[in-house]
Structures are given as C-alpha cells and as structure tokens.
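Please consult this briefing alongside the sequence and the coordinates. It concerns a strand arrangement, the helix beside it and one pocket.

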Amino acid sequence: MTVLSADIGTVPIGKGFKASVNGLVIDGQPSFAQWAKVGTTLRVIERGVQFAIGDYLNWGEDRFGEEAAQEIDAGSGWSLRTVSVYRWLASRIAPERRRMDRLGIRHHLLVASLTTVQQTKWLTAAANDDEEPWTVSRLAHAIKADDDVQ
C-alpha cells in the first residue's frame with residue numbers, strides 16, 4: 001500500500017475547510033452553516049468528479065494542446081488509464097444527458113458507445129425518477145436484450 005506524503009498541500013473548499021489527499025483540514029471554528037455548505041460541496045464533488053476531470057482535460061487539450069497533455073504525465077499523480085477513460089466518457093456523453101444525480105459512473109460507461117438517442121433512452125429509463133434507479137446489471141441486461149423502455 002502506498003501512503004501519499006502529507007505535504008502535498010491542501011485546496012480550500014470553504015471558509016475554514018481545506019481538502020487534501022489525506023482528508024479534510026479544519027482551521028479555526030467554522031460555523032454550522034459553513035460546515036453544512038462544505039458538506040454540499042463534497043457531495044457534488046463526489047457525484048460528479050469523473051465527468052469533471054474528463055471535462056477539465058478535454059477543455060485543456062482543446063485550449064492548450066500539448067501543454068495540457070503534460071499536466072497528466074507520469075509525474076503528476078494522475079493515472080493515465082483512469083483519466084483517459086474519464087476524457088473519453090466526458091467526450092461521449094454531453095452534460096445534458098448525464099444522470100449522475102441518480103446513477104453512477106458505471107451506468108454511464110455502459111451507454112457511452114451508444115448513439116445520443118440511445119443514451120438518453122437508457123439513462124432516462126435507468127434513472128427511473130419515480131422509483132429506485134436500476135442497478136448496473138439491470139441496465140446491462142436491458143441494453144443487451146434491447147428491451148423496450150416501459
């Protein structure tokens with residue numbers, strides 16, 4: 001197991017709160033409202049981080065070209081395999097079709113190679129806004145069988 005150095009640094013995520021690779025650093029005595037706001041921030045980050053990384057890298061490559069590619073070289077701490085999946089996924093599924101509010105990244109990976117119409121159909125069905133979202137297995141079986149969406 002690799003333990004990352006504690007001196008990598010921190011990133012502010014709210015008044016009195018910084019995130020690090022090793023956890024949350026709390027400075028001072030933040031209020032309840034500040035604490036609650038950071039909780040919301042962390043939930044958003046948790047749900048959308050894969051697409052956020054993919055969008056970040058795609059935009060950077062479009063804007064800065066080779067210079068951006070150096071941001072993810074072996075010494076940067078990025079897993080090249082992981083970020084290449086995130087980049088591909090973000091390029092295949094537009095933000096307006098993403099359903100990270102109810103589905104996980106694996107659901108999106110299942111539909112990424114489909115047409116935009118099929119992506120919308122399957123992500124909408126799997127999100128199942130009136131009931132529990134579909135499992136990844138159920139979505140995979142439905143796509144394979146090309147079941148009609150109810």
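The points below describe a predicted model. Its three strands form an open sheet in the order β1-β2-β3, with antiparallel pairing. A helix, α1, packs on that sheet.

**Sheet**
- The edge strands are β1 and β3, the latter spanning residues 23-26, and each of them pairs on one side only.
- Neighbouring strands of the sheet are turned against each other by 35° on average, with direction ignored.
- Helix α1 touches β1 and β2, and the direction of α1 makes about 115° with that of β1.

**Hairpin of β1 and β2**
- Strand β1 covers residues 11-14 and strand β2 covers residues 17-20; the two run antiparallel and are joined by three bridges.
- One residue pair at this junction is G14 with F17, the bridge partner of G14 in β2.
- Two residues lie between the strands of this hairpin.
- In the turn, G16 has a positive phi of about 90°.

**Second largest pocket**
- The second largest pocket has a volume of about 250 Å³.
- Ten residues line this pocket, and the closest to its centre are T10, V11, A19, S20 and V21.
- The elements that contribute two or more residues to the lining are β1, β2 and α1, the helix at 32-64.
- By class, the lining of this pocket comprises seven nonpolar and three polar residues, and no charged residues.

**Linking the topics**
- Strands β1 and β2 thus recur throughout: they form the hairpin, are touched by α1, and each give two or more residues to the lining of the second largest pocket.

Conventions:
Residues numbered from 1 in each chain as written. Predicted model: local features only at pLDDT ≥ 70, side-chain atom pairs only at ≥ 80, totals over all residues. Heavy atoms only, no water. Pairing = 2+ DSSP bridges. Helix = DSSP H or I, 4+ residues; strand = E, 2+ residues; numbered from the N terminus. 1 Å grid on protein atoms, 1.4 Å probe; cavity = no way out; pocket = protein on both sides within 12 Å on 5 of 7 lines; lining within 4 Å. Points joined across faces, edges and corners; volume = space filled by probe spheres on them. Nonpolar A, V, L, I, M, F, W, Y, C, P; charged D, E, K, R; others polar. Axes fitted to C-alpha atoms, helices over the stretch in contact; angles between N-to-C directions. Contact = heavy atoms within 4.5 Å.
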